[in-house]
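Student: I should like to learn how to read the features of a protein model. May we work through one together?

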Amino acid sequence: MKYSIFCFLCVSFYVSRAQIPDHIFKPNIRSVTLTKAGDVYSYPIMNLNSPDAFELHFDDLDGDVKTYYYTIVLCNADWTPANLTPFDYIRGFQNVRITNYRTSSIAFTRYTHYQVFFPDRNFMPTRSGNYILKVFIEGDTSKLVLTKRFLVVDNKAAIVAQVQQPFNQKFFYTYQKVVVHVTLNNTINVFNQQDAKVVILQNYTWTNAAYVTRPNIFRGNYFEYYDENTNSFPGGKEWRWIDLRSLRLMSDRMQQLDKRGNVTDVYVKPDGDRLNQPYLYYRDLNGIFTIENMDNVNPYWQADYARVHFSYFPPGNRPYEGKSVYLYGALTNYNPNDSSKMIFNPDRGAYERTLFLKQGYYNYSYITVPDKPTGEIFSFENTEGNYWGTENAYMVLVYYRAFGSRADELIGYTTLNSIFQRTGAGY
């Protein structure tokens, strides 16, 4: 018995170090969303030991019923797995079967929709920090289907944050600086200035998150962070959009809507670069998508899928030298990879990519990534342009690791908006 438990822990530890956050491992899995229960626009973050809950949705395009399970893995601030066993941070069952599912109806595309609400009294995280939700098949944690991030916070810090226009001439017109003031409560014993770590997210994405470990001012339990080299983000522009809530009527961004048998093709109006266009504010979803359906009643198992064709025309109808163009946003999991890479069509002089998307409302942008490593993750500079006054959402996270602890704790967070929590230039 002891040997079996030891083997289980060793396998779980090995597998937990092999997962990738926010990733879909199977091509038949689509339309994955993880939000707070009842709020499709929210980021999945909850308070420790609170009645808050999350809801997970995803579709299996195979259309059959499979035995899916889920579990969670505790991670540090940098998303490396914590040096703890599941028994240290899970109360209840280690693996839970997904029993809430339903096959599609009315829709031409056949799929099975799965839905999960957690935590509950049989499955609950007991520590604060970063978590990865893992969904796997047949009770085998090595057969991963998808992973999603979520956060659990134990509030022990007061955070004040503002968005400012940078003072540096290099960033003045195109970047946004986030200034952060953190005060830890008296239960936290601080020994040096690096005991607290701050992570800043722009539009709730981890791709370009800023990890700040050195404060500019440090006095006891008080920290200030305002370095423009670490706390500044490209402003970008408001996100582009495509409204797929109806596949019977054309929306404003559709150029063509074709229905041939059981297949629907949506051609999005061609896009061009916005580098030299003046900034225009309009309300967007800051990069996410929502599953919605105006043709039928329930969006989760009555919404249909369509092949959505995107095209982007670069300046002069010529491809960018040394750079590739990608579709960027939650619809591509914020991941510049082969499935989001746009292919240049020399006959049209345009980059093209087709995605298989469920009915809903989608935000997206175009980014460029250097073909050869240069240290730059991605850029809006060639496709969207950057403006310091763009409306963006930010989230500030504060982590702390006690002396002798084996995992980072998430002890505070706050959200702010670049328009509503914005001050003038400089500091």
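Tutor: The dialogue below treats sheets, aromatic pairs, a surface patch and backbone geometry in turn. Please bear in mind that this is a predicted model.

Student: Let us begin with the sheets. In what order do the strands of the open sheet containing S2 stand, and how are they paired?

Tutor: A sheet is read strand by strand, from one edge to the other. Here the order is S2-S4-S9-S8, and the pairing is antiparallel. Strand S2 (29-36) and strand S8 (101-103) each have a single partner strand, so one side of each is left without a neighbour in the sheet. From one strand to the next, the twist averages 15°.

Student: How many bridges join strand S4 to strand S9?

Tutor: There are 7 bridges between strand S4 (residues 54-60) and strand S9 (residues 112-118), and these strands run antiparallel. For a pair of facing residues, look at Leu56, which stands opposite Val116 in S9.

Student: Which strands are at the edges of the sheet S16-S15-S30-S31?

Tutor: This open sheet consists of 4 strands with antiparallel pairing. Its edge strands are strand S16 (205-212) and S31, each of which pairs on one side only. Neighbouring strands are turned by 25° against each other on average, direction ignored. Strand S30 (residues 393-400) is joined to S31 by 8 bridges, and Tyr400 stands opposite Glu409 in S31.

Student: I turn now to the rings. How many aromatic pairs does the structure hold?

Tutor: It holds 35 aromatic pairs. To classify a pair, consider the distance between ring centres and the angle between planes, where under 30 degrees counts as stacked and over 60 as edge-to-face. The rings of Tyr69 and Phe136 have centres 6.1 Å apart and planes at 10°, so this pair is stacked. Tyr69 belongs to strand S5 (residues 68-75) and Phe136 to strand S11 (residues 129-137), so the pair ties together parts that are 67 residues apart in sequence.

Student: Are Tyr69 and Phe136 buried or exposed?

Tutor: Tyr69 is partly exposed, at 23% relative accessibility, whereas Phe136 is buried, at 0%. An edge-to-face pair is formed by Phe344 and Tyr351, with 5.1 Å centre to centre and 65° between the planes. Phe344 is partly exposed, with a relative accessible area of 22%, and Tyr351 is buried at 4%.

Student: Which residues do ring pairs link into a cluster?

Tutor: The cluster consists of Phe54, Tyr70, Tyr89, Phe118, Phe123, Tyr131 and Phe150.

Student: Which residues make the nonpolar surface patch?

Tutor: Tyr281, Ile419 and Phe420 make a patch of about 350 Å². Ile419 lies in the loop between strand S31 (409-417) and strand S32 (422-425), and is partly exposed with a relative accessible area of 31%.

Student: Finally, what should I look for in the backbone?

Tutor: Most residues other than glycine have a negative phi, and most peptide bonds are trans. Against that background, a cis peptide bond joins Phe118 and Pro119, with omega about -5°. Pro119 lies in the loop between S9 and strand S10 (123-125).

Student: Where does Ile106 lie, and what is its phi?

Tutor: Ile106 is in the loop between S8 and S9, and its phi is near 75°, a positive value. Ile106 is exposed, with a relative accessible area of 56%. Glu138 also has a positive phi, near 60°, and is placed in the loop between S11 and strand S12 (144-153).

Note on methods: Residues numbered from 1 in each chain as written. Predicted model: local features only at pLDDT ≥ 70, side-chain atom pairs only at ≥ 80, totals over all residues. Heavy atoms only, no water. Pairing = 2+ DSSP bridges. Helix = DSSP H or I, 4+ residues; strand = E, 2+ residues; numbered from the N terminus. Axes fitted to C-alpha atoms, helices over the stretch in contact; angles between N-to-C directions. Patch = residues over 30% accessible without salt bridge, like charges linked within 9 Å, V, L, I, M, F, W, Y side chains within 5 Å. Areas by Shrake-Rupley, 256 points an atom, 1.4 Å probe, with all protein chains shown as cover. Salt bridge = Lys/Arg side-chain N within 4 Å of Asp/Glu carboxyl O. Buried < 20%, exposed > 50% of the residue type's maximum accessible area, 1.4 Å probe, protein only. Phe/Tyr/Trp six-rings, centres within 6.5 Å; stacked < 30°, edge-to-face > 60°.
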